[in-house]
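Work through the two exercises below with the model open. Each task is followed by a stepwise solution.

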Amino acid sequence: MKYGKDFFDTYIERRGTRSIKWDGCNAKFGVDEGVEMLPMWIADMDFKAPDEVVEAVAERAAHGVYGYIINRPDSFPASIARWICCRYHWQAKEEWILFTPGVIPGFNISYQTFTQPGDGIIVQTPIYYPFMDGIRNNGRKMVVNQLVETDGYYTMNFEELEQLVKDPNNKILIMANPHNPTGRCWTAEELTRLGELCADNGVLLICDEIHADIIMEGAQHCSMGTLSKKILQNTIFHYAPSKTFNLAGLQTAYVVIPNDDIRAKFEAGLTANRIFNMNWFGQVALETAYDRCGDYVEGMCRYVSANMDYMVAYIQKNLPMLKVRKSEGTYMVWVDFRGTGMTTEEIEHFIAHKAHIGVDMGTWFGPGGEGWLRFNLACPRSLVEKAMAMLTRALYSKL
Ligand SMILES: Cc1ncc(COP(=O)(O)O)c(C=O)c1O
């Protein structure tokens with residue numbers, strides 16, 4: 001099998017490549033550059049992109065001229081529409097697709113286009129922090145609808161949400177499915193209730209499904225796009241091949257907006273920011289990945305799922321002060337450190353300065369993240385094993 005265990009077991013040296021995850025790790029956590037840290041933060045993978053993508057990008061690079069390109073070559077939206085149909089099981093019309101240089105820049109276009117300074121944007125924390133950065137940076141009001149945690153399993157607080165969507169000042173709800181950092185794949189029931197609450201109360205729904213391909217064994221992804229016409233007409237969908245195929249540095253993402261009026265306004269927002277020129281390599285990579293690399297996704301998900309099984313079993317057996325549950329989606333795992341007896345501040349200091357592992361700190365994810373840490377498991381098993389050994393040593397010398 002081309003994208004089997006051997007492919008993902010291979011350690012690729014990333015130090016010295018300007019990788020923010022590896023070369024920027026010590027600086028990020030304020031750890032002396034002489035200390036060898038193991039980076040398991042930020043959401044990119046330590047795996048190579050599919051061979052087909054590497055070859056297509058190399059072929060494009062060999063041409064040597066990297067001028068402006070057609071933003072929307074004919075075949076390109078068709079590749080996306082096919083991917084959405086096969087993978088997420090709904091029909092996205094090609095004309096509903098617009099390109100953005102990343103998912104996050106797309107959120108900011110929506111914040112600027114559909115809200116005024118001071119308007120409320122609802123977020124369900126703990127949540128991937130750039131959702132919140134954009135709200136603050138654009139002078140909008142962050143309205144928190146904190147998720148409910150029971151034994152590491154997260155659900156939505158619909159009672160509170162019902163009140164929040166009725167407030168006419170709250171204009172947008174932004175959510176992730178699968179959810180980062182908790183790894184939840186929301187069910188059709190949860191999504192329908194959320195989608196209808198937004199549609200019925202005039203709250204625009206921004207649904208980020210960037211992790212939709214990364215589903216762990218035994219779990220299922222239900223796309224918000226499969227639910228109803230009413231929800232489709234009130235939703236902006238964000239996708240990218242970047243997480244799935246490790247292409248984040250190519251800055252290529254897209255939105256799918258079924259509602260003509262919302263799409264026209266969003267497009268005007270892109271134009272106002274003069275966002276019209278795609279990345280050469282990103283365009284080639286997306287098309288190649290979507291047309292030819294489905295088997296990579298299956299292999300990668302199987303590998304990461306086994307990494308997660310390993311880590312969860314290891315923690316349950318050896319580190320009883322921690323609590324962890326396997327994620328349903330994303331290659332991240334969200335670990336509860338509150339049982340260590342350390343304060344949140346001590347936990348966040350401990351992991352970087354004592355265990356020397358770079359992770360995403362719980363407090364970055366907003367209310368509800370205190371005492372938790374997010375580990376990125378999109379790496380060879382040998383690194384997960386190394387991390388567990390480093391963590392064990394540090395925890396037992398601490399206690
Ligand atoms: C839920 C979610 N959305 C968006 C992004 C980033 O998207 P982009 O790099 O395209 O801005 C990430 C990256 O970790 C993510 O986890």
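A pocket is an open set of points on a 1 Å grid over the protein atoms alone, where a 1.4 Å probe fits, with protein on both sides within 12 Å along at least five of seven lines; lining residues have an atom within 4 Å of a point. Its volume is the space filled by probe spheres set on the points, which are joined across faces, edges and corners.

The model is predicted: local features need pLDDT of at least 70, side-chain atom pairs count only at pLDDT 80 or more, and totals for chains, interfaces and linings use all residues. Numbering starts from 1 along each chain as its sequence is written, and side-chain values use heavy atoms, without hydrogens and water.

**Exercise 1.** Describe the largest pocket and its lining.

Step 1. The volume is about 1200 Å³.

Step 2. The lining holds 49 residues; Ala43, Asp44, Leu247, Ala248 and Gly249 are the closest to the centre.

Step 3. Sort the lining: 28 nonpolar (Ala, Val, Leu, Ile, Met, Phe, Trp, Tyr, Cys, Pro), 11 charged (Asp, Glu, Lys, Arg) and 10 polar (the others, Gly among them).

Step 4. Helix H4 gives the most, with 4 residues.

**Exercise 2.** At what angle do helices H8 and H9 pack?

Step 1. H8 spans residues 158-166 and H9 spans 188-200 (helices are DSSP runs of H or I, at least four residues, numbered from the N terminus).

Step 2. The angle is about 20°, and the axes, lines fitted to C-alpha atoms over the stretch in contact, lie 10 Å apart. Angles run from 0 to 180 degrees between N-to-C directions.

Step 3. H8 is therefore roughly parallel to H9 (under 35 degrees).

Terms used
Helix = DSSP H or I, 4+ residues; strand = E, 2+ residues; numbered from the N terminus. Parallel < 35°, antiparallel > 145°, perpendicular 65-115°, else oblique.
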